[in-house]
Amino acid sequence: MFEYVESEEACSNSTTQNSSTSSESCCPSFSRLSFETLTIPHSPENHMLKPHRSSDSSWQAIKSATFRRKTTGGGLGFRDFSLVRQIGSGDIGKVYLCRLRSDESCYYAMKVVNKDVLAAKKKLKRAETERKILKMLDHPFLPTLHAEFEASCFSCVVMEFCPGGDLHSLRHKQPNKRFSINSARFYAAEVLVALEYLHMLGIIYRDLKPENVLVGSDGHIMLTDFDLSLCCNPILTVESPLMSPIGSSSPSISSHSKSSAPFSCLSTRFFRSKKIQTTSSTRLFVAEPVTARSSSFVGTHEYVAPEVASGGDHGNAVDWWALGIFIYEMIYGRTPFANDSNEAILRGIVKAPLTFPNDVLLTRSEVHARDLISGLLDKNPGNRVGAKRGAGEVKAHPFFKGMNFALIRTVAPPEVPGMSRKNGTVGCDKNVRQTTPFDFF
């Protein structure tokens with residue numbers, strides 16, 4: 001992954017900042033902090049407003065602990081959790097497996113950020129962006145913010161723990177280090193649903209890769225890490241897919257409005273025309289942040305889109321490119337433009353044609369997969385599948401034929417080696433791809 005420092009205003013103007021510098025923090029080690037003396041608690045409000053979490057025991061435990069703290073005039077803090085071990089480390093913080101002291105049967109992931117170190121590196125805004133996004137999310141395939149609090153120079157957020165690990169590690173446990181077509185389609189479908197929700201909120205993810213796709217105890221996915229994301233307003237439209245071809249600059253029937261609310265929250269008054277109301281089943285509903293632009297160099301080398309690799313500005317289309325790379329890697333066990341150096345990878349992304357392995361016997365499903373990948377990996381972002389019409393266009397591709405996206409949570413997910421579906425923890429996998437961040441200005 002390449003890490004960058006960026007400053008973006010109104011999702012359309014980007015400015016660069018000074019080069020980041022390394023700095024030794026004057027703060028004590030997080031692991032040595034006293035849970036009893038340094039706590040400045042703050043927990044998210046309205047724990048009841050997460051219907052998809054209602055039957056989750058870990059969610060119920062958090063609600064109970066929060067209620068007990070509120071009765072004493074406080075909120076959840078360090079003293080309410082015990083650390084088990086470190087389970088991850090990123091550019092802006094470390095992740096610990098933890099559990100409530102009042103209910104040790106429930107495990108959580110606590111992301112800890114050293115604010116002084118990030119401030120010295122001019123990356124404090126990235127942590128703030130992630131916290132802002134976590135507070136917005138309410139989706140089964142995205143993290144639920146259980147609690148947030150501060151102590152000394154450390155800022156912490158508590159989310160659900162995903163014992164299945166990440167898809168990069170899981171792929172290496174598969175035969176030939178690749179998923180079957182059916183498994184790849186399942187994971188791609190759930191990632192697609194998560195991206196659709198993010199784009200409806202005006203969030204461009206910008207860091208899709210298998211390492212950021214975790215597997216929960218139920219076998220379903222959860223996207224994680226939002227410090228590279230871009231927030232803006234989506235454009236809501238209603239289009240006729242039959243009359244407005246892909247790549248058309250003006251849809252045949254459309255209504256536009258800026259909103260940061262999910263599309264599902266729109267009332268029927270949005271459809272003012274009786275013609276649109278009576279034939280809504282033939283319309284394509286789109287909520288894409290199509291006007292958002294950024295000039296920041298952001299992403300992971302093997303997943304970065306051509307417009308980013310070439311130094312130009314970019315928008316929502318980078319997420320659809322990344323989805324194409326993701327599906328390719330799930331099926332073929334590598335990314336399409338992999339090379340010996342990051343510079344060679346970026347050159348290939350910009351100039352090299354897309355190729356597929358020629359040593360496999362093609363099935364109908366794989367033919368459809370290649371067609372979708374080719375559409376997602378169009379080097380012209382304006383022609384890229386999903387760039388103008390969003391997730392609905394991707395869902396309609398034959399690769400996902402028969403997939404009931406509305407009921408995808410009821411579909412039995414692929415088995416995860418070494419994990420019990422109900423309860424169980426999986427140790428950290430040592431087969432981790434190096435994704436060291438880097439800065440470009």
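This dialogue walks through the salt bridges of a predicted model and the surroundings of the residues that form them.

Reader: How many salt bridges are there in this model, and what is the general idea behind such pairs?

Author: Side chains of opposite charge can pair when their charged atoms come close. In this predicted model, with a cut-off of 4 Å between a side-chain nitrogen of Lys or Arg and a carboxyl oxygen of Asp or Glu, the count comes to 11 salt bridges.

Reader: Which residue forms a salt bridge with D225, and where do the two partners lie along the chain?

Author: D225 pairs with K111, and the closest N and O atoms of the two are 3.3 Å apart. The pair links distant parts of the chain, since K111 belongs to strand β6 (residues 107-114), whereas D225 sits in the loop between β11 (221-223) and β12 (230-231), 114 residues apart.

Reader: Are K111 and D225 buried, partly exposed or exposed?

Author: K111 has a relative accessible area of 8%, and because buried means under 20%, K111 is classed as buried. D225, at 24% relative accessibility, counts as partly exposed.

Reader: Which residues are linked with K111 in a network of salt bridges?

Author: The network joins K111, E130 and D225. On the record side, an unreviewed UniProt entry carries the annotation "coiled-coil region" for residues 110-137. In the model, that span is 68% helix and 18% strand, and its end C-alpha atoms lie 17 Å apart.

Reader: What does the salt bridge between R171 and E329 tie together, and are its partners buried or exposed?

Author: The side chains of R171 and E329 meet at 3.1 Å, N to O. R171 lies in helix α4 (residues 167-171) and E329 in helix α8 (residues 317-332), so this salt bridge ties together parts that are 158 residues apart in sequence. Both ends are buried, with a relative accessible area of 3% for R171 and 1% relative accessibility for E329.

Reader: Where do D313 and R293 lie, and how far apart are they in sequence?

Author: D313 and R293 form a salt bridge with an N to O distance of 3.2 Å. D313 is in the loop between α7 (306-309) and α8, while R293 is in the loop between β14 (284-288) and α7, so that the pair links distant parts of the chain, 20 residues apart.

Reader: What relative accessibility do D313 and R293 have?

Author: D313 has a relative accessible area of 38% and is partly exposed, and R293, at 29% relative accessibility, likewise counts as partly exposed.

Terms used: Residues numbered from 1 in each chain as written. Predicted model: local features only at pLDDT ≥ 70, side-chain atom pairs only at ≥ 80, totals over all residues. Heavy atoms only, no water. UniProt positions renumbered as here; feature names shortened; annotations may be inferred. Helix = DSSP H or I, 4+ residues; strand = E, 2+ residues; numbered from the N terminus. Buried < 20%, exposed > 50% of the residue type's maximum accessible area, 1.4 Å probe, protein only.
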